[in-house]
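This report goes through the charged side-chain pairs of one protein model and then its overall make-up. The sequence and structure come first.

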Amino acid sequence: MNSVWMAWNLIRRALGSFRGVLSYLILPVAIVSGAVGLLGSGISSPPAPVGYVNLDAGPAGERLLGELGQRENRELSEASGEETLRQAVTDRDLAFGIVIPADYSRSLLSGGSAAPIYYQLNPTEDSILLKLTLDGQHRRLADAAALIRSAEKESGNAAAGGMSAETRFAELLKAQGSEAVKTVLTDEQLYPRQGLNNVIGFTLLFLMGLSGTCVSLILEDRRQGTMARVYTAPTSSLQIALGNFLGCFALGWLQIALLLLVTRGLLRYDYGVPVWLHAAVLTAFMLVTIGLASAVAGLVRNADNAPMLNTLIITPTCMLGGCFWPISIMPGYLQTASNFVPQKWAIEAVQRIADGGSLSEAALPLLILLLMAFVLLAIGSVILKPGESAA
């Protein structure tokens, strides 16, 4: 019961003012939500509509547009004329326009050089991929027309079997469109989510701020002599240590729950990781921050030096652990040093699951986080001497 009361007292001191609520709850949620919106939007925009003008009276133009609409799932918008289409692209009403020239089918059958005409204002990744798709379909149509020409030459007449070349070409394209075996692309989304490292990194940055809060509260108790008086009370040292631990743990979990509620529930950001596993990784990281706080509080004797924790520990370790940029772009010796900071292992645990791995593949990073937490808590329990006053 004494431990629960001490934990509640620590939470009340941390969140008992508007400044505390702003610093530990509102600000972290706002910045992480901003990171989700700017860097990790999990909602992909649909392909831009494609304008077209089909001047071909044969089957090739219709087949080309059908391939674009059915297989590429493109929204097609027919324009009244080529000039109207060109003006729509110039005015940015359309990002891409296609003009199928007149007698396109006849040109293919005769071995001519007619080809679709493309209009775009600024080349983009989407427009380049679209152009490559259309070029590929144009080549397939040319190959089909070449097959008809070859059959015409072998038969020795222009209308083998009583059918004209245009009719046989149309029948061949129709057969190609109703193929018995079709390729179906299934996107299992087994790839890293856009901006996932940055979103997780900002979350870890604010969880590291929890260590600064715990250090400040411990130093305040030491400066005022509260810690020494508590240890003289008729309660065990285990209950006192447990109370401080539960207070920091509850404060951290309140922050984690609020971050998950907003990013997953309100913003609908898809981490690609089950919520329970995501919470488990953040909880393991939070245990490391609590252990770090107890170790630092045992070393620091002057409360004026507490703000230096952010400069000397939190920011450098977040930079080294890959919270702001990929570890792979850093020099080799820094990549080796990153193995000793918890941020690297927390991000790796989430990333392995988001990449399609199983729970067993994230077990090693989780065990390393728990080992770090155990070591730091053990060090903190040894060097944190309540009887010593502040310098």
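## Salt bridges

The structure contains 5 salt bridges. The model is predicted, and side-chain atom pairs count only at pLDDT 80 or more. Side chains of opposite charge can pair when their charged atoms come close. The table lists three of the pairs with their computed distances.

| Pair | Closest N to O distance |
|---|---|
| Lys131 and Asp135 | 3.3 Å |
| Glu348 and Lys344 | 3.1 Å |
| Arg352 and Glu348 | 2.5 Å |

### Helix H6

Helix H6 covers residues 125–155 and holds both Lys131 and Asp135. These two residues are 4 apart in sequence, about one turn of the helix. Their closest N and O atoms are 3.3 Å apart, and the pair forms a salt bridge. Is Lys131 buried, exposed or partly exposed? Its relative accessible area is 31%, so Lys131 counts as partly exposed, the class between under 20% and over 50%.

### Helix H14

Helix H14 runs over residues 342–354 and includes Lys344 and Glu348. Lys344 and Glu348 are 4 residues apart, again about one turn of the helix. Their salt bridge has its closest N and O atoms 3.1 Å apart. Both residues of this pair are buried.

Glu348 also meets the side chain of Arg352 in a salt bridge, at 2.5 Å from N to O. What is the spacing of Arg352 and Glu348 along helix H14? They are 4 residues apart, and therefore separated by about one helical turn. How accessible are these two residues? Arg352 is partly exposed, with a relative accessible area of 28%. Glu348 has a relative accessibility of 18%, which is under 20%, so Glu348 counts as buried.

Elsewhere in the chain, Glu82, Glu83 and Arg86 are joined into one network by salt bridges that share partners.

## Overall make-up

The protein has 15 helices and 4 strands. It consists of 391 residues, of which 41% count as buried. Its accessible surface comes to about 20,800 Å², and carbon and sulfur atoms account for 62% of that area.

The contacts can also be sorted by sequence separation. Among contacts between residues at least 6 apart in sequence, 77% join residues at least 24 apart. The salt bridges described above for helices H6 and H14 join residues that are 4 apart.

Conventions:
Residues are numbered from 1 along each chain as its sequence is written. This is a predicted model: local features need pLDDT of at least 70, side-chain atom pairs count only at pLDDT 80 or more; totals for chains, interfaces and linings use all residues. Side-chain values use heavy atoms; hydrogens and water are left out. Buried means under 20% relative accessible area, exposed over 50%, partly exposed in between (1.4 Å probe, protein chains only). Contact means heavy atoms within 4.5 Å. Accessible areas come from the Shrake-Rupley method with a 1.4 Å probe; for residues, only the protein chains shown count as cover. A salt bridge is a side-chain nitrogen of Lys or Arg within 4 Å of a carboxyl oxygen of Asp or Glu.
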